[in-house]
Amino acid sequence: MAYLLIHGDLPTEIELAQFRDTLSHATLPSQIFEIIDNIKSGHPMDVLRTCVSALAALEPKSSDTSETEFLKNGQRLMAQVPQIVAAHHAIRNGRQPITPDPSLPFAANWLYMLKGERPSEDAARLADVDFILHAEHGANASSFAARVTVSTDANMHAAITTALATLSGPAHGGAAEDVMAMVEEIGSPENAANYVKSKRKNREAVTGFGHRVYRVEDPRARHMRAGVEQLSQEMGQPQWYEILQAVVEAMAPYSRHGLNVNVDFYSGVIYQLHGLPKDLYVPIFAIGRMPGWIVQCLEQHARNILIRPLTLYDGP
């Protein structure tokens, strides 16, 4: 899927093998681990953004904006971003970072680096689905911000740093974390109806419902639902999925107003089931979005023009 987004065509078996090989050999310079150790108490998004920015100074061809190197830098970053997130999580918890295992698929390798154990086939598949569904979504805030950076003839590292900074804002990347906070507040399925009723009475939003693009159910959400139910059973914590479904039932009367489930509604519970802290939810979003950011940058780079909006002065 990442190859398809970035290159525009499905790969042959040889091309896919070469692409995987490229990703598996993109490791982190030792200085990045030193940077992480020095700022380990920071929010994971701040650490990730700082490390990507630092890589611009550490990678020998980061400033090369020729078509070939621009693409290579993007693909290298796609492999390095999950390594940074996993390394920071290990270091801040007093553990040594885990070296990537090139024999594992991308999503399974990410879970292995993060948790130190090989995930089950179902858990790895659901992580893969999560990354696929978050990979690209049009002219969203972070993708547009990255394109503005590329339009100045800046390099790929600068554009991804911009995208990460934009995604860190809770209005863009924070929905999955908000859903999990809502689920914990509700506590049990039988409380869902009263929770929704209270929110609607006070004209407050119910997190995970409604989307700026979709007036019907976010088509990405349906691909998460069955996997979350299965993972909930596997992890012995069915209550999270049951609460989610109770909220869906309570919100059913409002679907005609465009308040339908979006993709973030199920994402947070996946991370909760893996025992991950909430401050990792947005960095995980970033890992999934990397192919989309890369292709947006490639597209801007191919037919570039400086993005310079005009603003209308309105005042004395």
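I started by pinning down one word: a residue is buried when its relative accessible area is under 20%. I also reminded myself that this is a predicted model.

**Entry 1: helix H6**

With that cut-off in hand, I looked up helix H6, residues 106-115. Which of its residues are buried? I found Ala107, Ala108, Asn109, Trp110, Leu111, Tyr112, Met113 and Leu114. That is 8 of the 10 residues, so H6 is largely enclosed by the rest of the structure. Next I wanted to know what surrounds them. The buried residues of H6 pack against helix H5 (67-92), helix H7 (121-133) and helix H16 (281-302). Just after H6 I came to Gly116, which has a positive phi, near 80 degrees.

**Entry 2: the largest nonpolar core**

I then turned to the largest nonpolar core, which has 88 residues. Which of them touch the most other members? They are Leu48, Ile84, Trp110, Val247, Phe265 and Tyr266. I was pleased to meet Trp110 again, one of the buried residues of H6. The largest share of this core comes from H16, with 11 residues. My course notes fit here: in soluble globular proteins, nonpolar side chains tend to be buried together.

I picked Val247 for a closer look. Setting aside neighbours within four places in sequence, I listed its contacts as Met182, Ile186, Ala192, Val196, Val206, Phe209 and Phe265.

**Entry 3: H12 against H14**

Val247 led me to helix H14 (residues 239-251) and its partner, helix H12 (residues 192-201). Their axes come within 8 Å and cross at roughly 50 degrees. That makes H12 oblique to H14. The crossing is right-handed. On the H12 side the contact is made by Ala192, Ala193 and Val196, and on the H14 side by Ala246, Val247, Ala250 and Met251. Sorting these by class, I got 7 nonpolar residues, no polar ones and no charged ones.

**Entry 4: Phe209**

Phe209 was on the contact list of Val247, so I followed it up. Phe209 sits in the loop between H12 and helix H13 (222-234). Is it buried or exposed? Its relative accessibility is 11%, so Phe209 counts as buried. I also looked up Val179, which is 30 residues away from Phe209 along the chain. The C-alpha atoms of the two are separated by 9.6 Å.

**Entry 5: H5 and two of its partners**

H5 had already turned up beside H6, and I went back to it. Helix H2 (residues 13-24) packs with H5 at an angle of about 60 degrees, and their axes are 8 Å apart. This crossing is right-handed. Phe19, Thr22 and Leu23 of H2 make the contact with Gln75, Met78 and Ala79 of H5. The classes here are 4 nonpolar, 2 polar and no charged residues.

The axes of H5 and helix H9 (residues 156-167) come within 9 Å and cross at roughly 45 degrees. H5 and H9 are therefore oblique to each other. In this pairing, Phe70, Asn73, Gly74 and Leu77 of H5 meet Met156, His157 and Ile160 of H9. I sorted them into 4 nonpolar, 3 polar and no charged residues.

**Entry 6: Glu69**

My last stop was Glu69, which is found in H5. At 9% relative accessibility, Glu69 counts as buried. What does Glu69 contact, leaving aside its neighbours within four places in sequence? I noted Lys61 and Asp64.

Notes:
Residues are numbered from 1 along each chain as its sequence is written. This is a predicted model: local features need pLDDT of at least 70, side-chain atom pairs count only at pLDDT 80 or more; totals for chains, interfaces and linings use all residues. Side-chain values use heavy atoms; hydrogens and water are left out. Axes are lines fitted to C-alpha atoms, for helices over the stretch in contact, and angles run from 0 to 180 degrees between N-to-C directions. Helices (H or I, at least four residues) and strands (E, at least two) are DSSP runs, numbered from the N terminus. Angles under 35 degrees count as roughly parallel, over 145 as roughly antiparallel, 65 to 115 as roughly perpendicular and the rest as oblique. A crossing is left-handed if the near helix is turned anticlockwise from the far one by less than a right angle, and right-handed if clockwise. Contact means heavy atoms within 4.5 Å. Ala, Val, Leu, Ile, Met, Phe, Trp, Tyr, Cys and Pro count as nonpolar, Asp, Glu, Lys and Arg as charged, and the others, Gly among them, as polar. Buried means under 20% relative accessible area, exposed over 50%, partly exposed in between (1.4 Å probe, protein chains only). A nonpolar core is a set of buried Ala, Val, Leu, Ile, Met, Phe, Trp, Tyr and Cys residues joined through side-chain atoms within 4.5 Å.
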